[in-house]
Amino acid sequence: MKFGILSFFINTSHHRERANGLEVYYVRKALIEAGHEVDVIGQKNRSNKDQEFYVDASLAEWDKYDGIFIQLSGANFFGGGIKSHMISCVEGIANAKVQIYNILADPHLPPINPARALERFNLCQEHVETWDTLIKNSIQLFSGKNIKQFNGWEGDPDKIIYFDFFKYMFKNLFQDKINSPETALFKIDNKKWDVVYFGRNRKS
């Protein structure tokens, strides 16, 4: 089967050195290991120009995909601007009525109707109802145990794929360390503490 992975409100990244790119990297890796063909879809630019699997959204052949995995994020339009790939993604998926899969990683980031988010710009209004249906029929990629407690999702329980994303990610990270023992998993010079918290004071 052929799948795509994308993010609407930020350009899709496939880099292990970035938080949003890390998620895309390992979801793609897991799908490839399962025998699927996987594209990353977004705006082609200099940071991804050498990634042959990265497809510019304006050139994507949406009807060739068996499903699209969506990396969820907030509907943020920094500076009032729209990411150049967003309209192509919203229109392309709606027109092809591709099965969508939501990558659930944060309880404060539920699936968002991207066409409705663009209504404020008088764009994609004709796709709002189609996207309501796509989201209603979407499949959830979930790493927890109780999706209703996680984000209140009350959709079809048969449309949940339970995938222990963090176990999979750390297994691969530590395997890389085992295979290359001269490379530190986390390089820390002059260590002073055993635990360092880099999070924010937010509900979760």
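# Helix H2 and its surroundings

Me: What sign does phi take at Lys 97, just after H2?

Reply: A positive one: in this predicted model, Lys 97 follows directly on H2 with a phi of about 50°. Just after H1, Gly 35 takes a positive phi as well, about 95°.

Me: Before going further into H2, how many helices and strands are there, and in what pattern?

Reply: There are 6 helices and 7 strands. Along the sequence they run β-α-β-β-β-α-β-α-α-β-α-β-α. Of the 204 residues, 41% count as buried. For contacts with a separation of 6 or more, 69% join residues 24 or more positions apart.

Me: What makes H2 roughly perpendicular to H4?

Reply: The crossing angle. The axes of H2 (residues 86–96) and H4 (residues 128–136) come within 10 Å and cross at roughly 75°. The label applies from 65 to 115 degrees, and so H2 counts as roughly perpendicular to H4.

Me: Which residues meet there, and how do they divide into nonpolar, polar and charged?

Reply: H2 brings Cys 89, Val 90, Ile 93 and Ala 94, while H4 brings Thr 130, Trp 131 and Leu 134. The split is 6 nonpolar, 1 polar and no charged. Thr is not on the nonpolar or charged lists, so it falls into the polar class.

Me: How do you know whether Val 90 is buried or exposed?

Reply: Check the relative accessible area. Val 90, in helix H2, comes out at 0%. Buried means under 20%, so Val 90 is buried. Leaving aside neighbours within four places in sequence, Val 90 is in contact with Phe 8, Pro 114, Ala 115, Leu 118, Cys 124 and Trp 131. Val 90 and Asn 113 are 23 residues apart in sequence, with their C-alpha atoms 9.2 Å apart.

Me: Which other residues of H2 are buried, and what do they pack against?

Reply: Besides Val 90, the buried set of H2 has Met 86, Cys 89, Gly 92, Ile 93 and Ala 94. Their packing partners are S1 (2–6), S2 (37–42), S4, S5, H3 and H4.

Me: Which element gives the most to the largest nonpolar core?

Reply: That's H2, with 5 residues. The core has 33 residues, and those touching the most other members are Leu 6, Phe 8, Ile 41, Trp 62, Ile 68, Ile 93 and Trp 131. Two or more residues each come from S4 (67–71), H2, S5 (100–104), H3 (114–117) and H4. There's also a second, separate core of 20 residues, including Phe 3, Val 24, Val 27 and Phe 53. As a general backdrop, nonpolar side chains in soluble globular proteins tend to be buried together.

Me: What does Trp 62 touch?

Reply: Skipping residues up to four places away in sequence, Trp 62 touches Leu 6, Ile 41, Ala 57, Ile 68, Ser 88, Cys 89, Gly 92, Ile 93, Ala 96 and Val 98.

Me: What makes Ile 100 buried?

Reply: Ile 100 sits in strand S5. The cut-off is under 20%, and Ile 100 has a relative accessible area of 1%, so it qualifies as buried. With residues up to four places away left out, its contacts are Ile 68, Ile 70, Ile 93, Trp 131, Leu 134, Ile 135, Ser 138 and Ile 139. Ile 100 is also 5.9 Å from Phe 69, C-alpha to C-alpha, across 31 residues of sequence.

Me: Why is Asn 122 called exposed?

Reply: The bar is over 50%, and Asn 122 has a relative accessible area of 61%, so exposed is the right word. Asn 122 lies in the loop between H3 and H4, and its phi is near 60°, positive in a residue other than glycine.

Me: And is Cys 124 buried or exposed?

Reply: Buried. Cys 124 has 4% relative accessibility, and the limit is under 20%. Cys 124 is found in the loop between H3 and H4, and has a positive phi of about 60° although it is not a glycine.

Me: How do you know that the reach of H1 is close to the expected one?

Reply: H1 (residues 19–33) has 15 residues and reaches 22 Å from first to last C-alpha, against 21 Å expected at 1.5 Å a residue. Its buried residues are Gly 21, Glu 23, Val 24, Tyr 26, Val 27, Arg 28, Ala 30 and Leu 31.

Conventions: Residues numbered from 1 in each chain as written. Predicted model: local features only at pLDDT ≥ 70, side-chain atom pairs only at ≥ 80, totals over all residues. Heavy atoms only, no water. Axes fitted to C-alpha atoms, helices over the stretch in contact; angles between N-to-C directions. Helix = DSSP H or I, 4+ residues; strand = E, 2+ residues; numbered from the N terminus. Parallel < 35°, antiparallel > 145°, perpendicular 65-115°, else oblique. Contact = heavy atoms within 4.5 Å. Expected span 1.5 Å × (residues − 1). Buried < 20%, exposed > 50% of the residue type's maximum accessible area, 1.4 Å probe, protein only. Core = buried A, V, L, I, M, F, W, Y, C linked by side-chain atoms within 4.5 Å.
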